[in-house]
Each structure stands twice: as structure tokens, then as C-alpha cells.
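The following exercises concern unusual backbone geometry. Please study the sequence and the structure before attempting them.

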Amino acid sequence: MRRLGRTVLVAIVSLAIWAAFVAGGAREGWWRSMPAAKGDTAGFLRWAQGRYAAESKGNIAIMLLDRGQVAEIFCASHGRPVDGNSLFQVASMSKWITAWGVMALVEQHRIDLDAPVSKYLTRWHLPPSEFDNDAVTVRRLLGHTAGLTDGLGFRGFAPGQALPSVEQELTRATDTLPGASGITRVGAPPGTSWRYSGGGYLLLQLLVEEVTHEPFNDAMRRLVFLPLGMTQSTFVDPDPAHLVDFYDADGSKAIHYRFTALSAASLYTSAADMTRFLTAQIPGEKGAPPGRGVLSPATLEAMRRPQAFLLGIPVWGLGETLYVPNGAGSYVIGHDGNNYPAINTTARIDPATGDGILVLETGNPTLAREIGGEWTFWHAGTVGLDTLVMFDLRNILMLLASGALVIVIVIVSVALYRRGK
């Protein structure tokens with residue numbers, strides 16, 4: 001019996017070591033090949049162009065930053081031409097820009113990050129729950145730690161469909177993606193875990209409107225777009241002359257969906273405007289400070305501090321994703337976006353170096369995130385948790401299972417051999 005116990009203990013320890021080895025190796029990219037030589041920005045773009053040619057029948061704009069300067073740009077389309085001024089709907093990337101608007105109001109002392117959001121609301125309130133609704137703070141909404149369980153994910157509304165009000169969408173969204181409850185409510189203890197919530201950002205949209213007494217797009221235009229020179233960007237009514245065609249994954253033209261949840265899913269912007277936003281994260285020419293006067297450098301630093309963790313890994317700041325550590329005490333930051341049926345976007349930058357990437361595309365629901373994930377690994381030498389889950393998980397599980405099977409077979413064989421002696 002004692003021998004059996006030792007055998008089981010050896011098996012458990014061996015399997016734990018193997019699991020840690022596989023997890024660490026996956027995170028460090030031991031089994032991945034680099035898309036280009038380190039520092040070869042042109043080579044990385046050639047790799048990305050190849051992925052577009054192989055995987056998309058839509059359109060794309062890619063921009064690469066090197067030390068804060070545009071190093072490479074590539075635009076292509078299977079239909080109407082696309083260039084750096086073409087407007088894409090960028091889906092959940094909207095949340096990062098929304099966070100800047102909220103933080104601008106924080107700097108103006110019109111919003112307290114740690115106050116209950118209910119303090120500022122008159123038009124709608126969170127429904128009663130078994131948890132403390134007053135623990136739903138602005139900070140927790142920005143970091144997806146407010147305990148909201150809506151699961152949104154907005155699908156949007158087709159042309160000709162009437163848009164519901166913000167209050168109606170918060171009460172029960174009618175454009176939910178599969179698996180979402182659509183009800184913005186507190187369903188878990190606030191501040192205890194990360195739960196991605198489109199409803200939380202719709203609540204922030206209402207917050208901005210209530211505090212400024214302006215429509216959301218007007219407030220964002222005044223607070224963020226015009227000061228940064230993002231003159232083409234808008235959450236509503238994009239210029240049709242510059243709006244790209246929308247494509248499905250099979251190359252067919254797709255419906256252009258509109259949203260009540262502007263803050264969560266409806267930003268229209270161009271590669272040129274998003275480049276201005278990305279470079280505003282770092283010092284600019286002639287001593288221009290990070291934030292460009294919209295936000296202070298101290299606020300930008302605060303937005304990069306971890307607010308939420310998954311498996312002990314920092315994943316979210318105040319409105320922005322923390323992809324991987326950058327080796328300089330901070331993180332590669334940014335945001336991805338995905339709208340139905342096949343819009344995918346990513347914007348990522350290392351604030352320590354000024355290196356970054358922007359990918360705006362339609363026609364493939366995951367291509368921008370794939371390219372962004374490869375850029376993150378190529379730049380930082382670490383694979384982002386999002387890339388591991390979305391693109392590598394199957395291979396990781398197969399490797400883990402194969403190694404575990406070998407370990408079990410070896411340990412059992414040794415045990416049987418010793419027993420037979």
C-alpha cells in the first residue's frame with residue numbers, strides 16, 4: 001500500500017511538472033517560429049501580407065510603428081480600394097477610446113473613479129440584486145471587474161431597424177450574440193473577478209452623457225477626437241464616401257450593422273486617425289507629452305496598472321488590454337475588436353519603445369487578432385494569453401495530453417516491473 005502511495009505521488013508531481021513546463025513553454029513561444037527576424041519591420045509586414053492573401057477575401061489596413069514613427073503601411077481590398085483614410089467600424093476597440101473620454105472627465109474632477117456609478121445616473125439604474133450595486137464603481141466598469149454578467153457582445157441592428165434607447169438596451173438588449181443574457185445586472189461580487197461586459201461600457205456611455213449633458217458622440221468629439229486631430233473618427237453617421245465595404249468570410253458583401261451601444265462597438269475610424277491615437281500614448285515631437293493634453297502622463301500610467309487578472313496573469317487595466325510584460329515595468333497595451341459577421345481589429349503599442357501595430361479588416365473574424373498576436377510575440381518574445389487561448393489551445397492540450405500519457409505509461413511500467421522482481 002505504501003509503494004502504491006509513493007507511485008501515485010510520483011505521478012502527480014511528474015504531471016504537475018510537465019503541465020508547468022508546457023504552460024511556461026507555450027507562454028515563452030518555445031514551439032513557435034518567428035514571423036520575421038527580430039527588428040525586421042518590413043519582413044513582418046511581408047508575413048502579414050501573406051496571411052491576408054491566404055485568409056481573407058475582404059479588405060485590410062495594416063500600420064506598423066517603429067519608435068513612434070510609421071515604418072510600414074499596407075492597404076488592400078478585394079473590392080473598392082482602401083487607403084489610410086478609409087473608415088472601418090472597429091468594434092470593441094471603441095472601448096479603449098471610450099475609456100479616454102471617461103478618464104478625461106476624471107481629470108476634470110467631474111467623475112470619481114471609485115464612486116458608485118449610480119451617483120451620476122438619473123435615466124437608468126442597475127436592477128436590484130443579491131450583491132452590492134454601490135460597489136459597481138467607474139474603475140470596475142473600466143476594468144471589467146464590476147461583477148456584471150450580461151455577456152454582451154452586441155450583434156447590432158440592420159438598416160431599416162429602429163435603434164432602441166440606451167435605457168432599453170441596458171434593461172434587456174435585443175441585439176445579443178448567442179450565449180449572452182442581454183440584461184445588464186450585478187450577478188457576481190463586484191471587484192472579485194474579471195468578466196468582460198459590453199453592458200458595462202454601455203453604462204459608461206450613459207455616464208458620459210449624464211455628466212456632460214451632451215450626446216455621447218458630441219462629448220467624445222470634444223473630449224478626445226478634436227484635441228488629438230482625429231477629425232475623421234465618429235461613433236455615428238460615418239462619411240459614406242470613405243466608409244469601407246463590409247465583407248463576410250466567404251467574400252460576399254455583408255450588412256453594415258448599427259448600434260445603440262456606441263461606446264462598446266460603434267467607433268468608425270481610419271488608420272490615419274488611429275495612428276494619431278496610438279502615438280498619443282507616448283512622447284511626441286518637439287516635447288509633446290504623452291496624452292497630448294487630453295490625458296496627463298500620470299493618468300496614462302494609471303490606466304496601464306493591472307486591474308484584473310486571469311490565472312494570476314494581469315490582463316486588463318483601465319479600459320485597455322495588458323497583452324504581455326514589456327520588460328520595462330509595464331505592458332504592451334491596446335485593444336481588439338470583433339463585430340458580426342467578420343469585422344476584426346487590433347491596436348497594440350509598447351509605451352516603452354513606441355513600437356506598435358494597427359490592423360483594421362473585414363472579411364475574416366480573427367485575422368487582425370492573429371496578426372496582432374504574432375506581432376506581440378515578435379516584438380516582446382512572450383505570447384499573449386489571448387493568442388494562447390484563441391489560436392494555440394488545441395495544440396497545447398494535445399502536447400499536454402501526449403506527455404501525460406507517456407508519464408503515466410512509464411510510471412506504471414516501472415511500478416509493475418518492480419512489483420514483479
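At 65% relative accessibility, R67 counts as exposed (buried means under 20% relative accessible area, exposed over 50%, partly exposed in between, with a 1.4 Å probe and protein chains only). The model is predicted: local features need pLDDT of at least 70, side-chain atom pairs count only at pLDDT 80 or more, and totals for chains, interfaces and linings use all residues. Residues are numbered from 1 along each chain as its sequence is written, and side-chain values use heavy atoms, with hydrogens and water left out.

**Exercise 1.** Determine what the phi of R67 is and where R67 lies.

*Solution.* Begin with the general rule: most residues other than glycine have a negative phi, and most peptide bonds are trans. Next, read the angle: R67 is not a glycine, yet its phi is positive, about 55 degrees. Finally, locate R67 in the loop between β1 (59–66) and β2 (69–77); helices (H or I, at least four residues) and strands (E, at least two) are DSSP runs, numbered from the N terminus.

**Exercise 2.** Decide whether D237 counts as buried or exposed.

*Solution.* First, place D237 in the loop between α7 (216–228) and α8 (262–265). Second, note its positive phi, near 50 degrees, in a residue other than glycine. Third, take the relative accessibility of D237, which is 71%; D237 therefore counts as exposed.

**Exercise 3.** Identify which residue a cis peptide bond joins to Y340.

*Solution.* First, inspect omega: at about 0 degrees, it belongs to a cis peptide bond between Y340 and P341. Then locate P341, which lies in the loop between β8 (331–339) and β9 (343–349).
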